[in-house]
Each structure stands twice: as structure tokens, then as C-alpha cells.
Amino acid sequence: MSNIHQSLDVKVIQKSFPEARELYLLPLGDLHWDSRYSNHSLIERKVAEIKENNYLTLLIGDTFDKLFFSWLLKDQQGDDLNVALTTVANLFKPIRDNILLIMDGNHERGMEKKVGFNMGEALANVLEIPFIRGIGVLHLRVGKYRKNQTSKSFSRMNSYVGLVAHGYGGGRTKGAKANKAAALGDVMENCDFSIMGHVHDPNLIPNSRLVYDPQRKTVYAREIRNVILSSFQNYSNYAQESFMRPSPKLEYLIRFDGMYKNIEILERRM
Ligand SMILES: [Fe+2]
């Protein structure tokens, strides 16, 4: 191992789908389930849809809401925590094989700092799904690849490499949020896509970067598709008091092609 290449403690989730011609990923985030503003019926509809269409999914964090100490007191706000954990676990159990990972969110982390218990991690443990703090690498390999036109052997799959993170901070403007998404996609060199949540303001921020190929002595462009997810929160008093807008109820269905490397993203109504 050289000085300039050192392996880091970053979790990698790699999944291969050699039989698939295409993969669909419908990422979900910011459920804030135990908040009284959480849109439970919409979340239940999404789970049913993922099951019906066999979409892949992931939870980008803030699955649970309780953040401040006073919110932990019983009867203060929304669901009791035991009820919340059991309800969410039962809700997601039928699609547990479709969930690639569960991210930590600042709400789960905030509570963990106070009481030493992380609701997101507990959910991930119950469902036996990888739990990721910080940044996660999502590596999807899809389809078979024919070596050449005469060869009958299929050898290589299309690799799609993404970065997933919950998101951070309180930037209010569209531009500040978009910059965060672009920054995430830029953190790792060979990134094809990134997914974040947290800001409750869906958006697509495509980007590109120059890549030098030393063998061919040419420069080419690598495109990066950065996705910001919406939330499942209704328009809360807090949001109104803080002059925030309601979240546009839009989601992104991401299609990974198994034949030719290509990502298509469909923006649609939740
Ligand atoms: Fe958040």
C-alpha cells in the first residue's frame, strides 16, 4: 500500500444482478415517522408500490423524528418510540430484501447523543439491513455483457457506483442545497450518481468532470447524476413559522440499464 493510496473506513454495499436487463431504484428518505406531521398513508403507499414493482429502495435517514430531549418524553409528540420502531419494522418487513441500506440521519444521531440509542440502527438490526453512518458507497452491477459480437460468453456487468449520505446543515436557498448535492457527487473520483436527503427539497443536479485516460492519451467527460430526495413531512407549524416552503411532493425513479451503461431518472409525483 503506497502513501497516496490508503484504504478508508467507508462502507461499501455491492450488489450484483446478472439476470436483470434493468434495475429500478426508488430511494426514500426523511420519513420522520414519529412526528405528528409524518404522512403515514403516503409512506404505506410507497411500500406497496415497491413491493408490487419489485423496485430497489433505500432509506436516506431521518426515518425517525425525535431529536430534542423534551421530544423524548412520553405524550409529547407523535408516536411512542417503542410503537414507532415496531410499526416501521413491520411496515418494511415485506420489502426488506428490496432495501439496500439504511442511512443514519441527524435526527437519529441527535437522539443517540443524548440517550445512547440509535433508532435507525435498531431498525436496520431488526430488518437485517446494512446501517450506514457518514458516507456510503453503493455499487450496483447489472446485466451480462457480451465480449464481442461472435463470442457467446457473457463476461462483464455494467457497474454503477454511487455515493449516499443523509445531508447536513441548514442552507435555505435552492442554490445552497444544490451545491451540497454537487459536492457529494464530487467527493469520490469515479462516482456515477449520488443521493442525499435532509433538505426536504427534491432536485436533480447533474454534473460532469474531466477524466484523463493515460492509455489512450485522451480526455473524456464523466457524468454524475446527483439526486436530492423529498420528505414525507406535511407542512408543519415549525416550517411555517420559519418561513419555509412545503416540500414539493416529487420522487425520483432511477433506472440503471443492464445492456449499455446508462442512467435514466424519472421525476414523478409521489
Ligand atoms: Fe435531516
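This report covers the nonpolar core, helix α3 and the surroundings of Ala84 in a predicted model.

The largest nonpolar core has 53 residues, and those touching the most other members are Ile60, Ile99, Leu101, Ile102 and Val164. Strand β4, residues 99-103, supplies the largest share of this core, with 5 residues. In soluble globular proteins, nonpolar side chains tend to be buried together.

Ile102 can be followed further through its contacts. Beyond its neighbours within four places in sequence, Ile102 is in contact with Leu59, Thr63, Gly120, Leu123, Ala124, Ile129 and Phe131.

The helical elements discussed here are listed below.

| Helix | Residues | Cited detail |
|---|---|---|
| α2 | 81-92 | contains Ala84 |
| α3 | 106-115 | His107, Glu108 and Met111 buried |
| α4 | 119-127 | packed against by the buried residues of α3 |

Within α3, the buried residues are His107, Glu108 and Met111. These three lie on the same side of α3 because they cover an arc of only 100 degrees around the axis. The partner of the buried residues of α3 is α4, against which they pack. After α3 comes Gly116, with a positive phi near 75 degrees.

Is Ala84, in helix α2, buried or exposed? Ala84 has 21 other C-beta atoms within 10 Å, and the cut-off for a buried residue is 20 or more, so Ala84 counts as buried. Ala84 and Met119 are 35 residues apart along the chain, and their C-alpha atoms are separated by 9.3 Å.

Terms used:
Residues are numbered from 1 along each chain as its sequence is written. This is a predicted model: local features need pLDDT of at least 70, side-chain atom pairs count only at pLDDT 80 or more; totals for chains, interfaces and linings use all residues. Helices (H or I, at least four residues) and strands (E, at least two) are DSSP runs, numbered from the N terminus. A residue is buried if 20 or more other C-beta atoms lie within 10 Å of its own, exposed if 12 or fewer, and partly exposed in between; C-beta atoms are placed from the backbone. The arc is that of the directions from the helix axis to the C-beta atoms. Two residues are in contact if their C-beta atoms, placed from the backbone, lie within 7 Å. A nonpolar core is a set of buried Ala, Val, Leu, Ile, Met, Phe, Trp, Tyr and Cys residues joined through C-beta atoms within 7 Å.
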